[in-house]
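Here are two short exercises to work through with the model open beside you. Try each task before reading its solution.

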Number of protein chains: 2
Amino acid sequence: MAKPEDQIGVVAALVRTAFLVNAVYSESAREFGLTQQQGQLLCVLMPQAYAMGELSTILGLAKSSLTGLVDRTERNGLVRRDPDPRDPRGIRVTLTPAGADLADRFYTETCRRVAELPATLSDQERDTVAGLLGRVIHDNRVPVVFSETP
Amino acid sequence: MAKPEDQIGVVAALVRTAFLVNAVYSESAREFGLTQQQGQLLCVLMPQAYAMGELSTILGLAKSSLTGLVDRTERNGLVRRDPDPRDPRGIRVTLTPAGADLADRFYTETCRRVAELPATLSDQERDTVAGLLGRVIHDNRVPVVFSETP
DNA sequence: TATTGTTATACTCTATAACTATA
DNA sequence: TATAGTTATAGAGTATAACAATA
């Protein structure tokens, strides 16, 4: 039972929730032999391929940081650089079959773990949180780094 | 206006909110010449000093990772290693005056930015989010890496 | 000239294993 | 023996600046 003095403000609630989710995400990635960043890259690529510049924007990283991340993930056989047929300068980063398989499994397990976090909320309370955070996400134009229906 | 098809599940809501808050936190730290990790260390140390092992638990890092983080933050003049009077093996990591000052300013500005994220929610909706996430935090024993009343 | 992506360089962050010093 | 913390090592993540190739 939450006592009144347990009530925290929305800022601390958001920051500490982020810390919690982050820890769960990292731990899940780790158990699949991924870093958090590589796991995030795989999740972004699940629905479709992207150019380096697009990934840079979506993930909020400098382009050269992306080069390194894709290098390492490619070296692990999880993604591939395909030429962009419409622009010889560009490439499309795509999941390999092994990458798609691992992404599926990582995604499923991470969803399972994150879903456990609000275990003590009622179904209706979970819907309420989802709806309100969904508006925060929408209004702040958060990129789709993790979609519920991949 | 959120249309029904904008409704996302609680898992995606949590993961994408974490991504958003993380980006804001990092960006704020960066503008104060801090990394996200150093900023987090300062925030944890605002209310009190801690031993290395305690910080390791609070931040979820290996002890040797803490050694490096404290080394770099100490080199920047923001924290200090004080001997633990009760155990010559132990130390207490403490904010220096410069560190306390920077922590205050970083904390205040970060709060301001995070508080803007739910700008389009009503006061009551913000309270609802805070209450529900507060329970998630409580039930998952999230360490106090960021308190609302430092 | 502007855009796409990579390279070179320099840090920071992190973990594992081995170590020192003290309880 | 167990605990507190550091060192050694290796790799991953990140940014800035300079670069190459193409539009």
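**Exercise 1: The surface near the DNA**

In this predicted model, α4(B) contributes five residues to the surface near DNA strand C, the most of any element. Work out how the protein meets this strand.

*Solution.*

Step 1. Start with the 23 residues around DNA strand C; those that come nearest are A:K63, A:R89, B:T35, B:S64 and B:R72. Of the strand's atoms within 4 Å of the protein, 65% belong to sugar and phosphate.

Step 2. Now look at single contacts. A polar backbone atom of A:G53 sits 2.9 Å from a phosphate oxygen of the strand, and a polar side-chain atom of A:R81 is 2.7 Å from a phosphate oxygen. For A:R89, a side-chain N or O atom lies 2.5 Å from a base oxygen.

Step 3. Sort the surface by class: seven residues are nonpolar, nine polar and seven charged.

**Exercise 2: Where the chains meet**

Describe the contact between chain A and chain B, from its extent down to one residue pair.

*Solution.*

Step 1. Each side is counted: 50 residues from chain A and 50 residues from chain B take part. Together the chains bury about 5000 Å², with 73% of it on carbon and sulfur atoms. On the chain A side, A:V11, A:R16 and A:F19 lose the most area, together 14% of what that side buries.

Step 2. Turn to the polar pairs. Twelve residue pairs are in polar contact across the interface, both residues at pLDDT 80 or more, and the count of salt bridges is two. A:R135 and B:E125 form a salt bridge, at 2.8 Å from N to O.

Conventions: Residues numbered from 1 in each chain as written. Chains lettered and ligands numbered in written order. Predicted model: local features only at pLDDT ≥ 70, side-chain atom pairs only at ≥ 80, totals over all residues. Heavy atoms only, no water. Near = heavy atom within 4 Å. Polar contact = N/O pair within 3.5 Å; in protein donor to acceptor, adjacent residues only side chain to side chain. Helix = DSSP H or I, 4+ residues; strand = E, 2+ residues; numbered from the N terminus. Nonpolar A, V, L, I, M, F, W, Y, C, P; charged D, E, K, R; others polar. Contact = heavy atoms within 4.5 Å. Buried area = accessible area lost by both parts, 1.4 Å probe. Salt bridge = Lys/Arg side-chain N within 4 Å of Asp/Glu carboxyl O.
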